[in-house]
Amino acid sequence: MGTLKEEEAKILETGQGEGFITTKASDLLAWAQKYSLFMYPFVTACCGMEFMAVSSPRYDFSRFGSEAPRFSPRQSDLLWVVGTIVQRQAPILRRIYEQMAEPKWVLAFGTCASCGGFYDNYACVAGLDKIIPCDIYVPGCPPRPEAVLDGLMLLMDKIASRDRTPATVKPRSDPREDQSLGLVQLRRSRPSTPSV
Amino acid sequence: MEPIDQELDPAEIELPTEPMLLNVGPAHPAMHGTVRIVMELSGESIERCDVQVGYLHRGFEKMCERGTWTQVFPYVDRCNYVSPMLNNVGFALACEKLLGIEVPERCQWYRMALGELARMSDHLTCTGAMAMELGAFTPFLWMIKGREMIWDLMEEETGARLTHSFGRVGGMAHPPTDGFKAHAEAVSAHILEILAEVEQLLLGNRIFLDRLENVGVISVEDAISLGWTGPCLRACGIAYDVRKSHPYMKYGEVEFDVPVGQTGDSFDRFIVRVEELKQSVRIIRQCLARLSDSGPVNVNDPRVILPPKEEVYSSIEGTIQHFKIVMEGLKLPAGEVYAFTEGGNGELGFYIVSDGSGTPYRVRIRPPCFYVTGGLERVITGAMMADVVPAFGSLNMIGGECDR
Amino acid sequence: MAKALVDLIKQKFPADVLEAHSQRGDETVVVYAPRWKDVARFLRDEPRADMSMLVDLTAVDFPDRTPRFEVVAHFYSLSKGHRLRLKARVGDSDGGNAEIDTLSDIWASANWAERECFDMFGVRFAGHPDLRRILLYPEFEGHPLRKDYPADRIQPLVPYREVPDIDKIPPFRTDEGMSFGRQTHAQRASDDDDLN
C-alpha cells in the first residue's frame, strides 16, 4: 500500500509529463510533512529520560514542528522507539507500527533500539529493525539530546528529498574543543588527564 | 397502572451485566512505558485487576554472571535509571562489604553528595511526571529544568548525563573536580527556588488536591506485609529510612529529617517526595562542607583498584596489577552478603554470592519498586479508573528496576 | 542482635537447622526444606523475633550440588531492626522436584517474589494462589537463571525480518542534516592541513 503511493509520487516528480506545478506541489507536501510530524513516543527504558529532556525547553524538539505527541498510532506519523525492546514487547511494537497509517517513519532512539546494545541475551531483541523497518538510528546510551536533534533533522532532510534509505546519526566534534563555532561556552574544570 | 407493573420489583427487571474488560496496555503514556493492567470494570470502578510487569525484563542478573565485578556497574546503572548513582554506590558498598574494606572519608562524602543529587533527580522526575499526568504541564517543565541542572553537574563530574557507571569497588572512577563544590551549591540553591515555585502552583490547587487526596490509600499493615519501603512506606506513617535506621557511610554524622505522611494516600506520597528533596539539599550542603579538597578517593588496595597509568607503564608491579584486575576481574572472597542502602524508591539491596573467582556467581538486586508495584493491585481495586493514573504515578515504578 | 535470633530458632527447631553461619555481620540459617513455612511463621509470630517484613525471596543455582537450588529469604523486623537470612535447599540435579511451601499467606510480598523465583529457576511454591510467569512471557520455555540455560538462547515471539545488508548502513554525510559543526576530528584535521 505505502510503496505504491511512493511510486506514484515519483512518477509525478520525474515522469515525462512532469510539470512545474506538480513538482512544487509535492515539494510543498514534503515541506508540510517534515515540519508537522506527529510523533508516537513508544517509551520503554532509560532513553525515556533523555526523551523527556529533549522534549523539555532546553533542547526542545517542538521548534522543529514535531511537538505534539499523539498517543494513538492512528493519528501519528513518526514512531519514536525509545529504549530497549524486549521479546515480550515485540508483538506490541509490531502492532503499533501496523496500526499507523502511511506515510510513516520510525526513529530508533538509543543503542538498545538500534542494535540491542549490550543486552545480547535471551530477553532482548537485538535492534528494532528485526521487527519493523526503521528510518533513522540514533546511537548512544542514552544519546545526547543534540544527537537526537541531529537525527530528527536528518529525518526531515530525508522526508524533504523523499529518501527512504535508513541512516545512522554519527558523532560530531565537541563544541568545547572548537570555540570558534560560536556555540555555548561550557565550563570544564577537570584537567584532561585524570589523576587518582 | 397495569397489574403486572404493580407486582414486579424494579430490581427484578434489571438486566444482568458483565464487567467490561479493559486493557491498559504496555504502550500507554501513563504506564511509564512497561506495565500492563488488565482490569474488569463495572462502570468506572475497578472490580478486579491483573498487573502484568516484565515488559522491560532485560536479563540483568544473567548478564552479571558473564563478566567481572566491575562490569556489573553499567548494568546496575540501568536498573533505576533516574537515580543511577544510588545504584552504583549500593553495589559498590555490597562488594566492599564482602571484601571487608572501607573507602577513604573523602570518597564517602563524595559518594553521599552524588547519591543525594541522584535522589533529587529521581524525586524531581517522579513528582513532575505525576503533575503532568494530572494535566499540570508547567511544573513538569520546571522540574525537568531542575533535573537538567543536576545532570549538567553529573556530566562535569562523571562524563555522562544519565548512565554514569562512575562507581568502582573501592572508590570512584575519578576524584571530584575542582569546581564541584561551587557547582553543587549553585544547583541546590536553584532547585530550592524551583521547588518553592512548584509548591506555590500545585499545593493550593483544588483540582490537584482533590485528585490526589484519599486516592490510592493503602493501610499500614498492608504496606508492611507487601514489603514496601521508601517514600511509599513513609507516606503511611512508618519512619523507616535506611539512612537513619541503619546508617552507612557517613549518614550517621549528618543531620536531616525523615518526612513521614499520615494517611498513605497519593498526596502523602507526593508530599513526602517534595520534602525529601529539601532534606537532600540539606544533606548535600553538609557533605560539601566536610568534603576535603585533597586526599585519596580510592582505597589503597592493589587487589581491587587499578594503579595509576604512569605506574602501569613504568613498573612491572603496576603492569601485573592492572593485568590481573582487568583480565581476571577483581577477586571477591567466596561467600555471600546482603548490603542495603536507601535507593530512590526504598531499600535497595544487593545480595551477592561469590565463588572466589573474578566472575560474579549470583548478583541479586532487591528492587524496591518491584514490591511496591506488587501492591498496585491492592491499591487500585475498588477505585475508579481515573484514580489509577495518580495512584500509579505516586508509586514511582521504574521499569528498569521493577523488571530488571 | 541477630545472633540471639539464630539461637532462638535453634532452640525451637533443633532438628531442622542444618547450618548456621555468619559472614560480614549477616546471620544465615539453613533449615530443612519441609519445615520452611513453620520456621517462617515462627519468625513472624514470635514476639522476640517479630519479623514484620519479608524483604526479599530468591534462589541461587548450584548445579553441582544436590539439592540444586537454594531458596534464600531475607527477613527484617521494623520494630527491632534485626535481619536474618533463611535458606532451604530443594531440587534434583536436573532441576525437577524443586518444591517448597509458599509464604504468600504470611507476607504479601512473597506473592510476586515467588512468582519471579518460579519464572527464573523453576522452583514451585506449593499453595501459591497464582503461580505463573511474571517477568517472562508464558510462551517462554525453560528457566533462564539456571546455570545450564545459555544466556543468548532467544525465543522470539515475533518472527524476525530478513533484510539483507541491514548492518551496513553508513552514517549520514556532511551535506545532510545540520548546517554547522558536522565535521569529525579527522575532517577538521585535514582542513587544518589544507589551511596551513
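**Exercise 1.** In this predicted model, find the loop of chain C where C:N97 is located, and decide whether C:N97 is buried or exposed.

*Solution.* Start with the neighbouring elements: C:N97 sits in the loop between strand 5 (83-90) and strand 6 (99-101) of chain C. Next, look at the backbone: phi of C:N97 is near 60°, a positive value in a residue other than glycine. That is worth a second look, as most residues other than glycine have a negative phi. Finally, count neighbours: C:N97 has 11 C-beta neighbours inside 10 Å. A residue with 12 or fewer is exposed, so C:N97 counts as exposed.

**Exercise 2.** Now try C:R24: what is the sign of its phi, and where does C:R24 lie?

*Solution.* Phi of C:R24 is positive, about 55°, although C:R24 is not a glycine. On the chain, C:R24 lies in the loop between strand 1 (17-23) and strand 2 (26-31) of chain C. For the surroundings, count again: 14 other C-beta atoms lie within 10 Å, so C:R24 is partly exposed.

**Exercise 3.** Which loop of chain C holds C:P67, and which loop of chain A holds A:P142?

*Solution.* C:P67 is in the loop between strand 3 and strand 4 of chain C. The peptide bond from C:T66 to C:P67 is cis, with omega near 0°. In chain A, the loop between strand 4 (136-138) and helix 6 (145-160) holds A:P142. Here the bond from A:C141 to A:P142 is cis, with omega near -10°.

**Exercise 4.** How many residues of chain C are in contact with chain B?

*Solution.* On the chain C side there are 26 residues, in contact with 33 residues of chain B. Strand 3 of chain C gives the most to this side, with six residues.

Definitions and conventions
Residues are numbered from 1 along each chain as its sequence is written. Chains are lettered from A and ligands numbered from 1 in the order in which they are written. This is a predicted model: local features need pLDDT of at least 70, side-chain atom pairs count only at pLDDT 80 or more; totals for chains, interfaces and linings use all residues. Two residues are in contact if their C-beta atoms, placed from the backbone, lie within 7 Å. Helices (H or I, at least four residues) and strands (E, at least two) are DSSP runs, numbered from the N terminus. A residue is buried if 20 or more other C-beta atoms lie within 10 Å of its own, exposed if 12 or fewer, and partly exposed in between; C-beta atoms are placed from the backbone.
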